Protein chains: 2
Amino acid sequence: MNIGIVGLGLIGGSLGLDLRTLGHRVLGVSRQVQTCERAIVRGAVDEASVDLRLMQQAEVVFLCTPLGVMEATVKDLVPHLAATTVLTDVGSVKGWVMRTIAPHWSNFVGGHPMAGTAESGIEAAKPNLFVNCPYVLTPTAETPAVAVQQVEALIRPLRVRLVHCQPEEHDQAVAWISHLPVMISASLLAACQNESDSKVLNLAKALASSGFRDTSRVGGGNPELGMMMAQYNTEALVRSLHAYRDTLAQFISQIEQQDWEALHTTLLQTQQFRPTFIKD
Amino acid sequence: MNIGIVGLGLIGGSLGLDLRTLGHRVLGVSRQVQTCERAIVRGAVDEASVDLRLMQQAEVVFLCTPLGVMEATVKDLVPHLAATTVLTDVGSVKGWVMRTIAPHWSNFVGGHPMAGTAESGIEAAKPNLFVNCPYVLTPTAETPAVAVQQVEALIRPLRVRLVHCQPEEHDQAVAWISHLPVMISASLLAACQNESDSKVLNLAKALASSGFRDTSRVGGGNPELGMMMAQYNTEALVRSLHAYRDTLAQFISQIEQQDWEALHTTLLQTQQFRPTFIKD
């Protein structure tokens, strides 16, 4: 099958590598000539161009640009697509995509492959990036069932864990497990940074180890990722932040009131809850 | 030298293993006969007893019990000590120890070896646990200089990083890097647990990966550790919690107000701050 990939970064490039291995002909578009060249050299695409007209031949197109340029890109793209072409995205927020991007193309399927590394760009692309990772699809009442089936048939051989849900359910779930952790972890770093006693701050630096390392990791990541979460998933993130703020207030109150029985119950519950949620 | 260790858990047992390797004679006391036997079998002590009179021969005694039984233990212990014996503890809170334990023995040196594993107890004890780890000593105006020197001479061969500071500085620093992270991480778990939409909660479980794993790790740990932090380091922990609550409120406000410039500045600062604090 002829597959189009618009946006040759980590996700687009890795999709290209796997889909070519599976025997598809992969056509890539990037805004940068150099990225096109590197995508060919790295084997992520068969052909690449800075010109969206290359997508005329594609039967399924993966939209792999950052959310910030996705709407402008899709407007430029759709005049070049054949009427039967299926368009699917890989954006990490789905409500906004279904509201803003989907209306531009009737054969649109919202998607989110949940794989990644700390690196980004075509040089970070690698084979089998998606193996065992969730790949969420968010079809709505307007999504043609045959388009969903085509996307599924393409991605299932990547050995992903296919998940279907509503766009809003996806956004609230990723607010809990990804976007909220970034904000509370960044708040930890910001609060430490504000410590006015320089002796305490230097001592904290000398003593910090794995507990601080793990809890602060996602808060010290790429600011553009945090911005994307806040700008495109505002509602779900704010809902999680409010719930978190209230829970934190309960912890503070239990400690201030020295209500050790209540604190013990809470800590026992969080200890028991975590293994039901995630395995170390 | 004859070394005493009261409390044969992870820290006491590991100190015994290393100090015996260095040629000292190690005498251990535990409340449990079985722990005494295991400590001998594992090579953590030369002799062990449930009777504190064994400490009569010790020139330096490491107090390695949990904070919760430390005061009762030191009261029982001091009648058996020779007047020149140096007593030092390994408690993870130092203000409380210097106020509560130190007054029971003039030759007392507050200490905190900052090593550990997720495991506890004599079976978790292992050689070289303290290599490259900070070992904090908190001498005060009342602490005899010669006692500090004796403890230092004993622990320096364990290849620890010796750190001196005030007890209150220690407690505020560990509040930032250890005790606050536990509470904010536990709050994350508790907030998720309160999600009333079971479809969202199940989806969050299916999608959670490394970001959630790392941020929630210390909050899902042993409740007794969290209790110890809250009960014995209340003041410093509450101070950090208040500062954290205020920083979190700023994040929430920036997102609610869609003040993306301010949020971007903050996230850039936390990204730049983290590597000055801790290395991955």
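Two residues count as in contact if their C-beta atoms, placed from the backbone, lie within 7 Å. This is a predicted model, in which local features need pLDDT of at least 70, side-chain atom pairs count only at pLDDT 80 or more, and totals for chains, interfaces and linings use all residues. Residues are numbered from 1 along each chain as its sequence is written, and chains are lettered from A and ligands numbered from 1 in the order in which they are written.

**The interface**

Chain A and chain B each put 78 residues into the contact. On the chain B side, six helices supply at least two residues each. Helices (H or I, at least four residues) and strands (E, at least two) are DSSP runs, numbered from the N terminus.

| Helix (chain B) | Residues |
|---|---|
| α6 | 167-193 |
| α7 | 198-207 |
| α8 | 210-216 |
| α9 | 223-232 |
| α10 | 234-256 |
| α11 | 260-277 |

α6(B) gives the most, with 20 residues.

**Symmetry**

A turn of 180° and a shift of 0.0 Å along the axis lay chain B on chain A with an RMSD of 0.0 Å. The fit is by least squares on the C-alpha atoms of residues with pLDDT of at least 70 in both copies. That is the relation of a two-fold axis. Both copies use the same surface: 100% of the contact residues of chain B recur in chain A.

**A sheet in chain B**

Three strands form an open sheet in the order β7-β8-β9 (chain B), with mixed pairing. Strands pair if DSSP finds at least two bridges between them. β7 (111-113) and β9 (161-164) of chain B are the edges; each has a single partner strand, so one side of each lacks a neighbour in the sheet. Strand β8 (residues 134-137) of chain B runs parallel to β9(B), joined by four bridges. Tyr135(B) stands opposite Leu162(B) in β9(B).
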